[in-house]
Amino acid sequence: MAVRTPDPDPEPDDDGLGGFGDGAPQPPAPDANPGWLSDVELEEARRHLPMLYVEAIPVRTDGSGQVSEIGILLRSTPLGEMTRTIVSGRVRFGETIRDALFRHVENDLGPMAFPLLPPQPLPFTVAEYFPIPGVSAYHDDRQHAVSLAFVVPVTGTCEPRQDALEVTWFSPEAAGSDAVWSEMEGGRGTLIRQALASLGLLR
């Protein structure tokens with residue numbers, strides 16, 4: 001029988017880029033980060049400021065340390081459409097990039113994913129999401145967001161949570177294919193290909 005650790009405190013406003021919410025405002029938890037924003041404050045901030053995100057592409061490696069599989073999340077939109085995405089979420093006020101990255105990997109892939117993060121993780125690229133399509137390769141109709149994107153090896157069992165249905169493991173060749181690219185939301189197919197290029201795996 002599988003043993004699960006308790007879920008972390010709810011984070012209703014901490015959805016990823018292009019995240020789907022139910023639209024119902026929720027009050028912050030009593031012990032919430034004092035720098036966190038209410039739903040109203042978040043919408044106001046999104047109208048005036050770029051939002052900072054971290055994104056993670058989970059990978060599995062073989063015995064020699066070479067990337068053998070790329071993990072991509074599958075989820076359903078409120079309209080019932082199936083799309084693919086990656087681990088994503090905002091950086092909290094006062095939170096280090098490393099801590100934010102670890103938190104979102106655990107939130108999206110479960111506490112048994114066991115990500116391997118260096119003391120000072122470095123992004124393979126910086127992606128800019130705009131609410132107007134065509135400004136860049138990346139699009140989020142809610143906001144202008146700046147995202148630090150990382151490749152994160154995971155060594156444990158991934159059990160997607162939040163609104164993800166499953167994590168699918170692709171070979172590097174399949175992850176960079178046109179078929180997968182067309183299923184990725186917000187232009188993240190380009191991000192997957194940039195990750196593969198940074199690893200020397202883009203064919």
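Trainee: What should the 13 residues of α2 span at 1.5 Å a residue, and how far apart are its end C-alpha atoms?
Mentor: The expected span of α2 is 18 Å, and its end C-alpha atoms are 18 Å apart, so the two values agree. Please bear in mind that this is a predicted model.

Trainee: Which residues make up α2, and which of them are buried?
Mentor: Helix α2 covers residues 97-109. Its buried residues are A100, L101, R103, H104, V105, N107, D108 and L109.

Trainee: Is there a general reason for looking at the spacing of residues in a helix, and what is it?
Mentor: An α-helix has 3.6 residues a turn, so residues three or four places apart point the same way.

Trainee: What do the buried residues of α2 pack against?
Mentor: They pack against four strands: β1 (51-61), β2 (67-76), β4 (87-90) and β7 (145-153).

Trainee: And what follows the helix?
Mentor: G110 follows α2, and its phi is positive, near 95 degrees.

Trainee: Let us stay with H104. Is it buried or exposed?
Mentor: H104 is buried, because its relative accessible area is 2%, and the cut-off for buried is under 20%. The side chain of H104 also makes a polar contact of 3.4 Å with the side chain of R103.

Trainee: How far is H104 from V91?
Mentor: Their C-alpha atoms are separated by 9.3 Å, with the two positions 13 residues apart in chain numbering.

Trainee: Changing topic, what does the secondary structure come to overall?
Mentor: The protein has five helices and eight strands. Along the sequence, they are arranged as α-β-β-β-β-α-β-β-β-β-α-α-α.

Trainee: How many residues are there, and what percentage of them count as buried?
Mentor: There are 203 residues, and 41% of them count as buried. The accessible surface comes to about 10,800 Å², with 58% of that belonging to carbon and sulfur atoms.

Trainee: What about contacts between residues that are distant in sequence?
Mentor: Taking the contacts between residues at least 6 apart in sequence, 69% join residues at least 24 apart.

Trainee: Where is R46, and is it buried or exposed?
Mentor: R46 belongs to helix α1, residues 39-48. It is a buried arginine, with a relative accessible area of 9%.

Trainee: What does the R46 side chain touch?
Mentor: The side chain of R46 makes a polar contact of 2.8 Å with the side chain of Q143. In addition, R46 and R142 have C-alpha atoms 7.5 Å apart, although 96 residues separate them in sequence.

Trainee: Now S147. Which strand holds it, and what is its relative accessible area?
Mentor: S147 is in strand β7. Its relative accessible area is 0%, and it is therefore buried.

Trainee: What is the polar partner of its side chain?
Mentor: The partner is E55, whose side chain is joined to that of S147 by a polar contact of 2.8 Å. Leaving aside neighbours within four places in sequence, the contacts of S147 include L17, Y53, V54, E55 and Y129.

Trainee: Y129 again. How many aromatic pairs are counted?
Mentor: The count comes to one aromatic pair. Y129 and Y138 form it, in a tilted arrangement, with 5.2 Å from centre to centre and 45 degrees between the planes.

Trainee: Are those two tyrosines buried or exposed?
Mentor: Both Y129 and Y138 are buried.

Trainee: Which charged residue sits over the ring of W169?
Mentor: R60 does: its charged end lies 4.3 Å from the centre of the W169 ring.

Trainee: And T83, where does it belong?
Mentor: T83 is in strand β3, residues 82-85. It is buried, with a relative accessible area of 13%.

Trainee: What are its contacts?
Mentor: Its side chain makes a polar contact with the side chain of E185, at 3.3 Å. Leaving aside neighbours within four places in sequence, T83 is in contact with L73, L74, R75, T77, E183 and E185.

Trainee: One last residue: what is notable about the phi of F114?
Mentor: Phi of F114 is positive, near 55 degrees, in a residue other than glycine. F114 lies in the loop between α2 and β5 (125-130). F114 is partly exposed, with a relative accessible area of 43%.

How values were computed:
Residues numbered from 1 in each chain as written. Predicted model: local features only at pLDDT ≥ 70, side-chain atom pairs only at ≥ 80, totals over all residues. Heavy atoms only, no water. Phe/Tyr/Trp six-rings, centres within 6.5 Å; stacked < 30°, edge-to-face > 60°. Buried < 20%, exposed > 50% of the residue type's maximum accessible area, 1.4 Å probe, protein only. Lys NZ or Arg CZ within 6 Å of the ring centre and 35° of its normal. Helix = DSSP H or I, 4+ residues; strand = E, 2+ residues; numbered from the N terminus. Contact = heavy atoms within 4.5 Å. Areas by Shrake-Rupley, 256 points an atom, 1.4 Å probe, with all protein chains shown as cover. Polar contact = N/O pair within 3.5 Å; in protein donor to acceptor, adjacent residues only side chain to side chain. Expected span 1.5 Å × (residues − 1).
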